[in-house]
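Good morning, everyone, and thank you for making room for me. Please take a moment to look at the sequence and the model before I begin.

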Amino acid sequence: MDASPRPTAHRRSHRRARRAVFALCCAALACAFLAHPARAQTPDPASFATLFPPDLHAAGTAPGVTVLSRARPLYDPRGIR
């Protein structure tokens, strides 16, 4: 006769659940300790000029030109005004 009884289905499923919880906890801890905060990229003025050239269409740098006052023909409703 065996000294230890064979595990029942309930015990096996309980062990699987505990292993799954343990694995999830380990993964969460690894993500928490290995993660680093995001940092914004600060471009120097020379690269900023290459990204956004001064002759960019609809840049609107004149005084009084706001986002709402720019002409946007694609957003206007169709029909007669």
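I will go through the overall make-up, then the cysteines, and then a charged patch.

This is a predicted model, in which local features need pLDDT of at least 70 and side-chain atom pairs count only at pLDDT 80 or more, while totals for chains, interfaces and linings use all residues. Residues are numbered from 1 along each chain as its sequence is written, and side-chain values use heavy atoms, with hydrogens and water left out.

The protein has two helices and zero strands, where helices (H or I, at least four residues) and strands (E, at least two) are DSSP runs numbered from the N terminus. Of its 81 residues, buried ones make up 0%; buried means under 20% relative accessible area, exposed over 50%, and partly exposed in between, with a 1.4 Å probe and protein chains only.

Now, how many disulfides are found in the whole structure? The search finds zero, a disulfide being a pair of cysteine sulfur atoms within 2.5 Å. The sulfur of Cys25 has its closest cysteine sulfur in Cys26, 7.0 Å away, which is too far for a bond. Cys25 is partly exposed at 43% relative accessible area, and Cys26 is partly exposed too, at 36%.

Finally, Arg19 lies in helix H1, residues 9-34, and counts as exposed because its relative accessibility is 60%.
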